[in-house]
Amino acid sequence: MWVLEYDARPWTVNAERRMHWRRHGALVEQWRTAYTWLARSHRIPPCDAIQIDATPLWPNRRSVPDPGNTYPAVKAAIDGLVDAGVISNDTDRHVHRLTFHPTIIDPQRTRHGLNLTITRSTTP
């Protein structure tokens with residue numbers, strides 16, 4: 001099991017609907033690159049399949065998203081795992097489970113973040 005945490009505010013489905021395409025592309029690239037480097041720095045080996053638990057991290061109760069609303073940021077992070085060679089593709093053949101957990105509110109945090117817990121999977 002590997003835990004990857006990126007300290008930036010994950011954008012939401014609601015924000016993505018209003019977002020200019022250039023801003024969207026820049027965010028996708030930022031998150032994709034961040035999770036590529038996180039996966040490499042944790043030396044995650046190539047896996048046939050994985051399971052992913054996604055948990056947003058918030059420093060306060062202001063604008064807390066519902067669990068699945070951070071999907072665009074999680075999707076970009078998973079693309080970063082593909083870029084890092086953790087999985088060869090992000091299809092159901094390689095991502096057996098994607099679970100969204102409620103946001104963790106931690107007043108000790110100074111920034112927003114996204115925690116991905118990755119577990120090697122043996123069964124679909």
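**Rings, a strand pair and a helix crossing**

A: Let's begin with a charge: in this predicted model, the charged end of Arg 40 sits over the ring of Trp 37, 5.3 Å from the ring centre.

Q: OK, and rings with rings? How many aromatic pairs are there?
A: The count comes to five aromatic pairs. One of them is Trp 11 with Trp 31, with 6.1 Å centre to centre and 75 degrees between the planes.

Q: What do you call that geometry for Trp 11 and Trp 31?
A: That aromatic pair is edge-to-face. Planes over 60 degrees apart count as edge-to-face, and this pair has 75 degrees between its planes.

Q: Which parts of the chain do Trp 11 and Trp 31 tie together?
A: Trp 11 is in the loop between strand 1 and helix 1 (13-18), while Trp 31 is in helix 2 (residues 21-41), so the pair ties together parts that lie 20 residues apart in sequence.

Q: Are those two Trp side chains, Trp 11 and Trp 31, buried or exposed?
A: Both Trp 11 and Trp 31 are buried.

Q: Got another pair? What about Tyr 71 and Phe 100?
A: Tyr 71 and Phe 100 make a tilted aromatic pair, 6.3 Å centre to centre with 55 degrees between the planes. Tyr 71 belongs to helix 3 (residues 71-83) and Phe 100 to strand 3 (residues 95-100), so to speak of sequence, they are 29 residues apart and the pair links distant parts of the chain.

Q: And how exposed are Tyr 71 and Phe 100?
A: Tyr 71 is partly exposed, with a relative accessible area of 39%. Phe 100 is partly exposed too, with a relative accessible area of 24%.

Q: Back to Trp 11 and Trp 31 for a sec. Which residues form the aromatic cluster with them?
A: Tyr 6 and Tyr 35 do; together with Trp 11 and Trp 31 they form one aromatic cluster.

Q: Tyr 6 is in strand 1, right? Which face of the strand is Tyr 6 on, covered or uncovered?
A: Tyr 6 is on the covered face of strand 1 (residues 2-6), along with Trp 2 and Leu 4. Val 3 and Glu 5 make up the uncovered face.

Q: What does strand 1 pair with?
A: Strand 1 pairs with strand 5 (residues 113-120), antiparallel, over five bridges. Tyr 6 stands opposite Leu 114 of strand 5.

Q: Switching to helices. How do helix 2 and helix 3 cross?
A: Their axes come within 7 Å and cross at roughly 45 degrees. That makes helix 2 oblique to helix 3.

Q: Is the crossing of helix 2 and helix 3 left-handed or right-handed?
A: Helix 2 passes helix 3 in a right-handed crossing.

Key: Residues numbered from 1 in each chain as written. Predicted model: local features only at pLDDT ≥ 70, side-chain atom pairs only at ≥ 80, totals over all residues. Heavy atoms only, no water. Buried < 20%, exposed > 50% of the residue type's maximum accessible area, 1.4 Å probe, protein only. Helix = DSSP H or I, 4+ residues; strand = E, 2+ residues; numbered from the N terminus. Pairing = 2+ DSSP bridges. Phe/Tyr/Trp six-rings, centres within 6.5 Å; stacked < 30°, edge-to-face > 60°. Lys NZ or Arg CZ within 6 Å of the ring centre and 35° of its normal. Axes fitted to C-alpha atoms, helices over the stretch in contact; angles between N-to-C directions. Parallel < 35°, antiparallel > 145°, perpendicular 65-115°, else oblique. Left-handed = near helix turned anticlockwise from the far one by under 90°.
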